[in-house]
Amino acid sequence: MTEPEKYYASYNCIHKLCQKSAVEMLDKIGKPDVIVAIGGGGFIPSRILRTFLKRAGEKNIPIQAIGLSLYEDMGEQDKIGTEVVRTQWLDFGALEKNFDSLIGKNILIVDEVDDTRTTLHYALTELYKDVEKKAKSLGRDLSGTKFSIFVVHNKVKSKRASLDKKMMNGGIYISGADVPDQWIAYPWEAFDIDLQTKLAIEQGHN
Ligand code: 5GP
């Protein structure tokens with residue numbers, strides 16, 4: 001059996017998808033107040049995006065990192081379930097000291113790829129719960145708090161989870177590109193970056 005072909009992405013291609021998506025984002029939801037980068041794949045896209053979301057003379061958008069890992073587990077009746085484990089979460093102390101809370105903010109969650117959507121669903125739900133809890137404790141309401149999502153690539157396939165529009169509260173979902181359900185090789189994982197770039201160009205992803 002031959003191995004299924006991978007989808008190779010170059011740095012240039014990712015940079016341009018972030019640039020294009022930043023324009024759409026500014027147009028539809030305005031400048032985010034904070035970017036929540038899901039590590040490690042969301043880190044580089046978040047940093048690129050920030051370049052294009054900032055206008056001259058404005059402050060940089062803060063980027064907060066969170067870490068999530070997916071584990072397949074055997075649930076009830078031998079059904080395979082997916083468990084998400086937090087390996088890193090928001091630094092609320094630093095956020096509140098330098099930035100105030102997330103209540104009322106335009107929040108952008110960034111990851112490199114939306115595959116089964118499990119990770120994005122978890123990140124949105126848990127971040128929403130955190131902000132909701134904080135708002136309750138301060139007697140404030142959540143009405144202006146908006147969650148948007150950006151992924152560089154969205155795999156076109158049936159998803160295991162969905163994103164709650166009510167939680168997003170007018171926030172949007174943007175993918176840089178909708179792609180087939182193939183394994184995507186990212187440049188930051190490449191041992192040979194010249195070969196990675198060559199293959200990406202050959203596939204037209206540059
Ligand atoms: P999910 O299935 O929750 O949407 O994606 C889980 C995570 O698996 C992603 O954040 C990403 O790190 C990883 N992943 C899923 N599909 C791919 C892929 O095609 N290439 C790479 N490099 N990582 C992937």
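This note covers the ligand site of a predicted model and one loop residue, Arg55.

1. Residues are numbered from 1 along each chain as its sequence is written, and side-chain values use heavy atoms, with hydrogens and water left out. Because the model is predicted, local features need pLDDT of at least 70 and side-chain atom pairs count only at pLDDT 80 or more, while totals for chains, interfaces and linings use all residues.

2. The ligand is surrounded by 16 residues, a residue being near a molecule if one of its heavy atoms lies within 4 Å of it. Among these, the closest are Asp115, Thr116, Thr119, Lys155 and Ile184.

3. Three side chains place an N or O atom by an oxygen atom of the ligand, at 2.5 Å for Thr116, 2.8 Å for Lys155 and 3.0 Å for Asp111.

4. Strand S5 (106–114) and helix H4 (118–138) each supply at least two residues of the shell, and S5 gives the largest share, four residues; helices (H or I, at least four residues) and strands (E, at least two) are DSSP runs, numbered from the N terminus.

5. Arg55 belongs to the loop between helix H2 (43–53) and strand S3 (63–74), and its C-alpha atom is separated by 9.3 Å from that of Lys31, 24 residues apart along the chain. Arg55 counts as partly exposed because its relative accessibility is 44%, where buried means under 20% relative accessible area, exposed over 50%, and partly exposed in between (1.4 Å probe, protein chains only).

Methods. Polar contact = N/O pair within 3.5 Å; in protein donor to acceptor, adjacent residues only side chain to side chain.
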